[in-house]
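This report looks at the ligand surroundings, the domain arrangement and two backbone features of one chain. Please keep the sequence and the structure at hand while reading.

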Amino acid sequence: MGNGRPLLEINALHTAFHMQDNYYDAVDDVSFSLEKNEILAIVGESGCGKSTLATTIVGLHNKVNTRISGEIIYQNLNLIDLNETLYNRIRGNDIGMVFQDPLSALNPLMTVSEQIEEVLLYHSKMTKEERELRVCELLTQVKVDDPNATAARYPHELSWEARQRVGIAIAIACEPPIIIADEPTTSLDVTVQARILDLLSEVRDETGAGIILITHDLGVVAEIADRVAVMYAGQIVESAGVVDLFTDPKHPYTRSLLRSMPQMNETCDPDAGELYVIQGDVPSLQQLPKKGCRFAERIPWVPFSAHEESPKMHEVSKGHFVRCTCHESFQFEGESD
Ligand SMILES: Nc1ncnc2c1ncn2[C@@H]1O[C@H](COP(=O)(O)OP(=O)(O)OP(=O)(O)O)[C@@H](O)[C@H]1O
């Protein structure tokens with residue numbers, strides 16, 4: 001890049017879905033940047049808007065029922081202005097995507113080799129021989145057993161882990177500077193999860209890519225991320241370096257998420273006893289309050305006056321941002337000074 005700008009810069013991004021004659025923001029005023037060689041985790045409960053954010057960045061929304069505004073700046077281009085032809089050039093070549101379920105992401109009728117070659121064919125001028133060599137190199141890089149044999153197999157002939165490794169090979173085939181991984185290890189047993197996270201970390205080390213990792217699991221964040229953005233009801237409510245976030249979480253939502261994790265619960269408060277349950281649910285898009293702190297209704301014991309009317313992001317220490325002032329007076333229910 002060399003112009004001092006981040007690899008990817010997102011400013012005041014909104015993604016709204018059309019429902020019953022109105023538009024509702026699933027991503028609401030989201031801003032962040034991604035640096036080269038960095039793993040940025042986006043974390044939050046189901047329904048917070050993480051996947052919508054990812055699919056907005058890779059331009060997968062249908063413009064007929066989706067309204068997108070703001071900036072997604074990559075190489076001085078605002079990606080939201082691109083037409084489908086230009087976006088097709090960026091997808092795969094500049095931004096690689098790893099999905100949660102590799103079986104549905106892969107084509108059941110094509111061999112592993114054909115699927116990796118398809119990306120190379122679309123984005124490069126490689127000859128058939130060069131593509132075959134690259135397939136073997138990629139399968140070796142993602143450490144599948146017997147790369148040559150795997151190349152000739154169909155997705156259903158592979159284990160879940162091998163399929164996800166192939167999914168990662170496809171995502172990195174053109175050496176994209178940005179990789180977006182949407183829940184790549186959800187519902188895996190911990191050992192497979194750890195191996196896939198190790199692989200993503202190695203990919204970052206080897207290629208210098210910036211990785212946006214979407215997850216609902218703070219354990220995954222602790223394992224691999226450099227920075228974290230916590231999302232709630234379409235908005236980022238806290239962002240910080242990973243150590244800062246785990247040692248000095250500020251926003252009541254972040255603190256509640258941490259307290260609801262078994263391992264964190266013990267580390268943060270050995271006497272905590274029962275696992276914490278966050279009251280209520282993430283509101284649906286139509287139920288989102290138009291004003292005020294969106295987390296207020298899940299911490300009803302915190303007085304109304306503690307929240308901002310139009311919550312803003314405040315920098316509480318270098319690189320550590322929190323939305324709303326309610327964190328200043330927040331305590332868990334029943335706690336006293
Ligand atoms: N195409 C759509 N049309 C209307 N609403 C949608 C659409 N896609 C997502 N939503 C809504 O947008 C909100 C955010 O959903 P999204 O899937 O982005 O959240 P998430 O944090 O990724 O959750 P999960 O981890 O379950 O995928 C939810 O309220 C969801 O119901």
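## Around the ligand

In this predicted model, the ligand is surrounded by 14 residues, of which F17, A26, S46, S51 and T52 come nearest. By class, the shell around the ligand consists of 8 polar, 5 nonpolar and 1 charged residues.

Two elements, β1 (8-19) and α1 (50-57), each supply at least two residues of this shell, and α1 gives the most to it, with 3 residues.

## Two domains and their contact

The chain is divided into domain 1, which covers 8-94 + 176-329, and domain 2, which covers 101-175. The C-alpha centres of domain 1 and domain 2 lie 29 Å apart, and 11 residues of domain 1 are in contact with 13 residues of domain 2.

On the side of domain 1 that touches domain 2, helix α8 (residues 190-207) gives the most, with 6 residues. That side of domain 1 has 7 nonpolar, 3 polar and 1 charged residues.

## Positive phi at A12 and Q20

Most residues other than glycine have a negative phi. A12, which lies in strand β1, has a positive phi of about 45° although it is not a glycine. A12 counts as exposed because it has 11 C-beta neighbours inside 10 Å, where the cut-off for exposed is 12 or fewer.

Q20 lies in the loop between β1 and β2 (22-34), and Q20, not a glycine either, has a positive phi of about 45°. Because Q20 has 6 C-beta neighbours inside 10 Å, Q20 also counts as exposed.

Methods:
Residues are numbered from 1 along each chain as its sequence is written. This is a predicted model: local features need pLDDT of at least 70, side-chain atom pairs count only at pLDDT 80 or more; totals for chains, interfaces and linings use all residues. A residue is near a molecule or strand if its C-beta atom, placed from the backbone, lies within 6 Å of it. Helices (H or I, at least four residues) and strands (E, at least two) are DSSP runs, numbered from the N terminus. Ala, Val, Leu, Ile, Met, Phe, Trp, Tyr, Cys and Pro count as nonpolar, Asp, Glu, Lys and Arg as charged, and the others, Gly among them, as polar. Domain bounds come from an automatic or database domain assignment. Two residues are in contact if their C-beta atoms, placed from the backbone, lie within 7 Å. A residue is buried if 20 or more other C-beta atoms lie within 10 Å of its own, exposed if 12 or fewer, and partly exposed in between; C-beta atoms are placed from the backbone.
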